[in-house]
Amino acid sequence: MGLESKLGSGFLATKLEFFVNWARKFSLFQYPFITACCGMEFMSTMCAHYDMARFGAEFPRFTPRQADFLIVVGTISHKLAPVLRRVYDQMCEPKWVIAFGGCASCGGPYDNYATLQGIDRIIPVDIYIPGCPPRPEMVLDGLMRLMDKIQKTKLGDESTQLRYEEMLSKAIREWKGPKVEAANLRADW
Amino acid sequence: MSKEVLDKLLAKFPQAVVSSHNRLGDETAVIKRESLLEVMRWLRDECAFEMLMDLTAVDYLGEEPRFEMVYHLKSLSKNYRLRIKARVPEGDPVIDSLIPLWKGANWFERECHEMYGIRFQGHPDLRPLLLYPEFKGHPLRKDYPLDRRQPRLPLLAPETRRFPRSGDETGHEGEKLPDDSHEHGEF
C-alpha cells in the first residue's frame, strides 16, 4: 500500500545529516516559558486558527527535560533570571531557543531596575521574534526560520555550546556580586 | 457626604490635622505621623471605614520632610472615601504600622518598605515582597539611578550576544552591539 508499492522493498539514499535534521525540525517538543501578555499571541498561534501543529511543534512538554525547544514569551525580570537559566540547563542537547517578542529579545519598553535586557544576556538564543506582541504570522515565520536553521546545521556541531561555555566561564570569573543559591550555576560559581 | 466626615475629623483632632482640603470631591487630610494610629482607629471604629484600599508613599526629593505616606480609606457600608496623608522625614523614615487595624496593610507596607525604605513600626515581617533578597537600595526613590542594574547572575558579555550556528542565515561572527555593561551596576 502507498509508498511501499512505489518504492518496493529497496532502500533510499540520502545524507545522514540531511535525514537527521529533517527528522529533528519536524518534531520539535516545545517548552513554553510564558510570563506576560505575549502569551495571548502564543495561545492564538497554538490554537486552531494558526495551528502550530502544521509544523510539528504543537506539543508542549511541561518539563524541560522532555523538551528540545524553549520559547521564552514575555518579560524576564532579574528576579526570574535564575529560574530561566535552570530551565535551560535542564534541557538535553540538541536544544533551540526562541525569544518571543520585544521583552524577551531586548527588554522591550522596560529599561529599568527590574528587567533583564534580553534573555541572550543569560542563555544563547537562536531566533528573535520582534513585535509587541508579534502577530501569529510573525511567530510562524520565526518557527519556519528556526526549521531552516536546523536543516542547515552540521551534524555534531557543538560550536554554540562551546562558545556559551566559554562566555559563561568568563562571566563567572568576572562576577563581583553575591552568589545566589537559586541560580545553582555550576561548581566554579 | 465625606465632607461631613472630614469636618468631624477636624473637630475631633484639631492638633493632629496639619491641613485639609476637598478639592474636586477628594477629601484629604494631612496629619502628623505621631497621631496616625489614633486617628486611623477612630476613623475605622467611629466613621465606618472598614476598608484600607491603598497605602503607598511619595518621594518629594528636595523637600523636607521628604516622604509622604498616602492612605486611601473606603467605607463599604456608607459608601464614601477619605484620603489621609502624613509626612515622614528622610533622616528617620519611620511610621506606625496599620496591621493592628487592617490586616490587609501587611503586604502594602512590605512593598512600601522595599521601594521607598520607609520602616513600619510594629510590622512583624518586613522582608522584600517583590524584589529579591540580594537587592540593595530602594528603586522607587528619586535618587536611585535610572540605569543601575543588580543582576543575580553573571551576564554574558554584550558584544558576543549572537550565537551563530553553522546553519545560521548570516553565518558571520558576533555582531558588535552597543555596550551596556553598566548593567553590572554597583553592589
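**Close-up 1. Buried side of helix H2 of chain B in the predicted model.** Within H2(B) (residues 36-46; helices are DSSP runs of H or I with at least four residues, strands runs of E with at least two, numbered from the N terminus), B:Leu36, B:Val39, B:Met40 and B:Leu43 are buried (20 or more other C-beta atoms within 10 Å of the residue's own, versus 12 or fewer for exposed and partly exposed in between, with C-beta atoms placed from the backbone). These residues lie on the same side of H2(B) because they cover an arc of only 95 degrees around the axis, taken from the directions from the helix axis to the C-beta atoms. The face turned away from this buried side carries the exposed B:Asp45 and B:Glu46. B:Ala48, which follows H2(B), has a positive phi near 65 degrees.

**Close-up 2. Strand S3 of chain A.** Five of the five residues of S3(A) (96-100) are buried. A:Trp96, A:Ile98 and A:Phe100 point one way, A:Val97 and A:Ala99 the other.

**Close-up 3. Parallel pairing of S3(A) with S2(A).** Strand S2(A) (residues 69-73) and S3(A) are joined by five bridges, pairing requiring at least two DSSP bridges. A:Val97 is the bridge partner of A:Leu70.

**Close-up 4. Parallel pairing of S3(A) with S4(A).** Three bridges connect S3(A) to S4(A) (residues 127-129), and A:Tyr128 stands opposite A:Ala99.

Residues are numbered from 1 along each chain as its sequence is written, and chains are lettered from A and ligands numbered from 1 in the order in which they are written. In this predicted model, local features need pLDDT of at least 70 and side-chain atom pairs count only at pLDDT 80 or more, while totals for chains, interfaces and linings use all residues.
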